[in-house]
Amino acid sequence: MTSLNAPITIVRPDIIEFGVGVAGKLGKWAKDQGFARILVISDAFNASRVGILELPGDVTVFSEVKPEPDTDNLDLVLAAADKAQADLIVGFGGGSAMDLAKLASVLSGSGQTLRDVVGAGKVAARRRAGLAQVPTTSGTGSEAGIRALVTDPATQAKLAVESIHMLADIAVIDPGLTFTVPAATTAATGVDAMAHCVEAFTNRKAHPMIDLYAIEGVRLVGRYLGRAVADGSDAEARAGLSLASLYGGFCLGPVNTAGGHALAYPLGTRWHVAHGAANALIFPHVLAFNTPSAAEKTAMVIAALDLKAGADQASVFDAAFGFCAGLGIEMRLSALGVPETDLGVMADDAFAIRRLLDNNPRDLARDDILSIYQAAY
């Protein structure tokens, strides 16, 4: 693991508004900044409640964001951004909406295409617009980060863009916006937030400056996720998960995720399994696999979740599997419609995601990945 004296760069949105009922503060901020033409990028449900943001001026709403957005969905967003000529772009929804908002803020009117900027540090500059992010789920932490992902329909691979120019000027995190999230989605997205924290905490690039956010994010999920699944209107539990998600976002910039997310991505790109559900299903398998190479930190994760496990892989797996299954999450690939004949292709896809696998504390060979998929089947 990385030592204390290793260099690290920490970035945050300039302003973070947090708390139940703060959604309307975005409108005041936008008015104070002089923004007059605003484009909100959202899904159909959240488009129906844009009014809660109290935005000033001429507001255009793009409401066609879809889960696991692909390049075609991005093209529609960019067309809407060009037409609106907005001076402020707002991502309002889950990670998909916020990622598309990031890309719109740097690609619309820039002369650069998505292909020009895939990778790290290839965005030339932010276009003329400001960028605001308002999450309505507690999972991705995208509001705090500088990465955006879209799927290439031709290859079924995730295209990742990383740029400081995609950092939000303001993130408005109102846990009240998550009260309507269904129990199953709450469970899956909560485990996704936890996975961000755990994968950063046990990462080859792990750093003490991020570790405190990572382990606290895990504690928050352990303390509050079950409560929020049982009662979606539990304001304290929802706030705890919103904070855990934000902390997970803090982990993604300087450290990032590892093997768990690499194995989860093919479930989304090939079989359209929701990102949170895919990560939850994979989580116990990779946590247990990594235990021999991250024994001390794995024990800290188990304790933070208030679970009991020995130092062996089997008991770590049983504890983590029980936590996820106890939330009502489907933990079998076969039950999600994934054909067993596709496991080999999925293993090939996951093994190619070196940007994440190279972070994993224990080397994951292609056969290891296939074995995990088979065990999860």
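How many bridges join β7 to strand β8, and do the two run parallel or antiparallel? The legends below take up this question first, and they describe a predicted model throughout.

**View 1. The sheet formed by β5, β8 and β7.**
This view shows an open sheet of 3 strands, in the order β5-β8-β7, in which the pairing is mixed. The strands β5 (119-120) and β7 (147-152) stand at the edges and each has a single partner strand, so one side of each is left without a neighbour in the sheet. Between β7 and strand β8 (residues 157-162) there are 6 bridges, and these two strands run antiparallel. To follow the pairing residue by residue, one may begin at V150, which stands opposite L159 in β8. As general background, strands of a sheet pair through backbone hydrogen bonds, either parallel or antiparallel.

**View 2. The sheet of 6 strands.**
Here 6 strands form an open sheet with parallel pairing, and reading across the sheet gives the order β1-β9-β6-β4-β2-β3. At the edges stand β1 (15-18) and β3 (58-62), and because each has a single partner strand, one side of each is left without a neighbour in the sheet. When direction is ignored, neighbouring strands of this sheet are turned by 15° against each other on average.

**View 3. Strand β4 and its partners β2 and β6.**
Strand β4 (residues 88-93) is joined by 5 bridges to strand β2 (residues 37-42), and the two run parallel. Within this pairing, V40 stands opposite V90 in β4, while the bridge partner of S42 in β4 is F92. Strand β4 is also joined to β6, by 6 bridges, and these two strands likewise run parallel; in this second pairing L88 stands opposite G130 in β6. Strand β4 is mostly covered, since 6 of its 6 residues are buried. Helix α4 (residues 95-107) lies across β2, β4 and β6 (130-135), and the helix runs at about 165° to β4. It may help to remember, when looking at any such strand, that in a regular strand the side chains alternate between the two faces of the sheet.

**View 4. A cluster of aromatic rings.**
A search of the whole structure finds 5 aromatic pairs. The rings of Y213 and F250 have their centres 5.1 Å apart and their planes at 80°, and because planes over 60 degrees apart count as edge-to-face, this pair is described as edge-to-face. The pair links distant parts of the chain, with Y213 in helix α7 (residues 208-230) and F250 in helix α8 (residues 235-252), 37 residues apart. Y213 counts as partly exposed, at 25% relative accessibility, whereas F250 is buried, with a relative accessible area of 7%. The rings of Y247 and F250 have their centres 6.0 Å apart and their planes at 35°, so this pair is tilted. Y247 and F250 are 3 residues apart in helix α8, and therefore they are separated by about one helical turn. Both Y247 and F250 are buried. Taken together, the ring pairs link Y213, Y247 and F250 into a cluster.

**View 5. Arginine charges over phenylalanine rings.**
In this view the charged end of R354 sits over the ring of F351, at 4.8 Å from the centre of that ring. The charged end of R362 sits over the ring of F289, and here the distance to the ring centre is 4.0 Å.

**View 6. The cysteines C197 and C251.**
Which cysteine sulfur is closest to that of C197? The closest one belongs to C251 and lies 4.5 Å away, and because a disulfide needs the two sulfur atoms to be within 2.5 Å, this is too far for a bond. C251 is accordingly in no disulfide, and the count of disulfides comes to 0. C197 counts as buried, at 0% relative accessibility, and C251 also counts as buried, at 0% relative accessibility.

**View 7. The loop that holds G51.**
G51 is found in the loop between α2 (44-47) and β3. This glycine is exposed, with a relative accessible area of 62%. The C-alpha atoms of G51 and S108 are separated by 25 Å, and the two residues are 57 residues apart along the chain.

Conventions:
Residues numbered from 1 in each chain as written. Predicted model: local features only at pLDDT ≥ 70, side-chain atom pairs only at ≥ 80, totals over all residues. Heavy atoms only, no water. Phe/Tyr/Trp six-rings, centres within 6.5 Å; stacked < 30°, edge-to-face > 60°. Helix = DSSP H or I, 4+ residues; strand = E, 2+ residues; numbered from the N terminus. Buried < 20%, exposed > 50% of the residue type's maximum accessible area, 1.4 Å probe, protein only. Lys NZ or Arg CZ within 6 Å of the ring centre and 35° of its normal. Pairing = 2+ DSSP bridges. Axes fitted to C-alpha atoms, helices over the stretch in contact; angles between N-to-C directions. Contact = heavy atoms within 4.5 Å.
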